[in-house]
Amino acid sequence: MKTTCYTTFRIFLLGIIVFIFIFGIQVHAAAKPVQVAVVPFKVHAEKDLSFLRDGIVDMLSSRLSWADKVTVVNSQETLKALKTVTRPLNEIKAREMGTKLDADFVLFGSLTVIGNSTSIDAKMVDVSGEKETLSFFNQSQGMDQVIPSINLFASDINEKEFGRVMPSQKAPAASQAQKTQTLQDQPQTDARAHPEKLIVGGYAGGETQDTQNAAPGSAFIATQMSQSQSAQFWKSRNIKQRITGVALGDIDKDGKTETVMITDHSVEAYRFDHKRFLKIKTMAERSHDYLIGVDVADINGNGYPEIFVTALNPSREFVKSFVLEFDGQTYIEIVQKSNWYFRTVETPERGRILLGQKQGINSPFDDRIYELVWQNSEYDAAEPVMPPRRANVLGLASGDARNDGTQVAVVFDKLDYLRIYDSKGGEIWKDGEHSGGTPRYFQMPNLGSKDTENHAYYPMRILIRDINKDGKNDVITAKNYRLSQILSARMFRHGELEIRSWDGIGLAVLWRTRKLSGHISDFAIGDFDNDGADELVSALVIKTGAVAMTTPKSALIAYELK
């Protein structure tokens, strides 16, 4: 009996010891502060702002430090570890660096200053890889916004990573000149006029800044070459996807125009009917492929317009396009996994025709552009329309752009300069400044460092049309303003549509829309709202959703053409 009690006591005592030991380890582990390594930010600026690099490190270190809970790794140790990893610093390299420092998190980023515009792009990386990287992006006007932006980022980290609620940090209120402008003073319930929250101000384009004029509530702003024009417009509700392309056409032959939109991974049909813009159908879903272009035209001549979708494979390394068509009941793929880039253009003699281009060896701009015709249940090359190395077909329009009776090609080159070529590929004119600009890209082979991505960016659509009914053709383009020309990854501040006309010297801008926050991804002309008159319809990406834990946001804006 005594032996049994003694044994029981020993087991109980051993259990107490084990419990204390384990609990003690847990208490000790819980008491260990979280270690954060703050890497000096890269500074991109026209002048020496290295003092800001040290200042940002100091600000973040002081705001993240939390007695007994969060400590910041000594800056000298961080710099020493930084030298041991190859550049550029990315999430993988940050985890490698954090492991060497025995840190839990690594914080790195960049500050870009272009003129009066500043932007901060940063990441907070969990070294263990168990938590999603916390990304931060902020764009502002003026250097006085840098410190409030850093405060916001630090508060975000403290709250989301450490559960520490900080006093609210707000950026200074924008000046009156920076406040958004209302295009039309109408009630929010009026579906034809509510894009005011997107407007970032009027045109400010060099010498024409003081001569531009616009009627109250006008959608277009005139340059010094013409008088003011008023136009109504309509904006859709925000769509929680990134719209990458838009086209108009009666795709089911019911006598009404449908709006075909592509997102990164889907093809969708909408219709404006009885003052309502409603989704009809999702016609295709590609969860891994990237959809970069869409057009609508009846090329095979069977009475139903085809929907041409230019797409890339998941790694964006080869073209994987497809074509949809209504068969009377549903939409079927009549062409799959095509290696053509597709674009339709309007001709005065033959109506809408289809152009195509295959991927070049070195660039999407390298191969010859052909007219494509339907034969043997596929689209084949017929006549060449553009020699190699001139353009990518996604950024090409053909027509009488100079209003002299001759057909020319208006294109965007690989650097987003507008050019005009004659029928033999000879250059007639080149613009002196950048225009266009899209974030859509083809993944090229890496150059030099395997960690440096090599992107070939696709051009913006171009249309040739008599948009103001004066008997002369206009060239319609979009212009997206990049946050920085230094950064390899494209981010845009705002965009606008431009209506150009040949003046004997070049394509001068006659009209432009007011600047819209975000970027214009595509546009089309047609009877969008089925009222018997054409509209200029643009797809606006307000938020790309590229930053972690953010949702993309897009909208359509339709401008009345009178």
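This report covers a cavity, one helix and a few single residues in a predicted model.

**The largest cavity**

A search of the whole structure finds two cavities of 30 Å³ or more. The largest has a volume of about 110 Å³. Its lining includes T344, V345, E346 and R352. L396, A397 and S398 also line the largest cavity. I462, L463, I464 and R465 complete the lining.

Three strands each supply at least two residues of that lining: strand 18 (340-347), strand 22 (396-399) and strand 28 (463-465). By character, the lining residues divide into six nonpolar, two polar and three charged.

**Helix 4**

Helix 4 spans residues 91-101. Which of its residues are buried? They are K93, A94, M97, G98 and L101. Seen down the helix axis, these buried residues fall within an arc of 140°, so they line one face of helix 4. An α-helix has 3.6 residues a turn, so residues three or four places apart point the same way. On the other side of helix 4, I92 and T99 are exposed.

What do the buried residues of helix 4 pack against? Their partners are strand 1 (34-38), helix 3 (75-82), strand 4 (105-114) and strand 5 (117-126).

Both ends of the helix have a feature to check. At the N-terminal end, N90 acts as the cap. A side-chain oxygen of N90 lies 3.2 Å from the backbone nitrogen of I92. A polar atom of the N90 side chain also lies 2.8 Å from the backbone nitrogen of K93. Thus the N90 side chain approaches the backbone nitrogen of exposed I92 and that of buried K93.

N90 belongs to the loop between helix 3 and helix 4. N90 and G109 are 19 residues apart in sequence, and their C-alpha atoms are 9.5 Å apart in space. Just after helix 4, D102 takes a positive phi of about 60°.

**R500**

R500 sits in strand 30 (residues 492-502). Is this arginine buried or exposed? R500 is buried, with a relative accessible area of 4%, and the cut-off for buried is under 20%. The R500 side chain reaches the backbone oxygen of L507 at 2.9 Å.

Leaving aside residues up to four places away in sequence, R500 touches L418, W429, D431, S435, D474, V475, T477, L507, A508, V509 and L510. L507 is therefore both a contact of R500 and the residue whose backbone oxygen the R500 side chain reaches.

**Two loop residues with positive phi**

K469 and N530 each lie in a loop between two strands. K469 has a positive phi although it is a residue other than glycine. N530 is likewise not a glycine, and its phi is positive. Their values are set out below, with N90 and R500 added for accessible area.

| Residue | Place | Phi | Relative accessible area |
|---|---|---|---|
| K469 | loop between strand 28 and strand 29 (474-482) | near 55° | 56%, exposed |
| N530 | loop between strand 33 (519-526) and strand 34 (535-543) | about 55° | 25%, partly exposed |
| N90 | loop between helix 3 and helix 4 | not listed | 25%, partly exposed |
| R500 | strand 30 (492-502) | not listed | 4%, buried |

Strand 28 appears twice in this report. It supplies at least two residues of the lining of the largest cavity, and the loop that holds K469 lies between strand 28 and strand 29.

Notes:
Residues are numbered from 1 along each chain as its sequence is written. This is a predicted model: local features need pLDDT of at least 70, side-chain atom pairs count only at pLDDT 80 or more; totals for chains, interfaces and linings use all residues. Side-chain values use heavy atoms; hydrogens and water are left out. On a 1 Å grid over the protein atoms alone, a cavity is a set of points where a 1.4 Å probe fits but cannot get out, and a pocket is an open set with protein on both sides within 12 Å along at least five of seven lines; lining residues have an atom within 4 Å of a point. Grid points are joined across faces, edges and corners, and a volume is the space filled by probe spheres set on the points. Ala, Val, Leu, Ile, Met, Phe, Trp, Tyr, Cys and Pro count as nonpolar, Asp, Glu, Lys and Arg as charged, and the others, Gly among them, as polar. Buried means under 20% relative accessible area, exposed over 50%, partly exposed in between (1.4 Å probe, protein chains only). The arc is that of the directions from the helix axis to the C-beta atoms. Contact means heavy atoms within 4.5 Å. A polar contact is a pair of N or O atoms within 3.5 Å; within protein, one must be able to donate a hydrogen and the other to accept it, and residues adjacent in sequence count only if both atoms are side-chain atoms.
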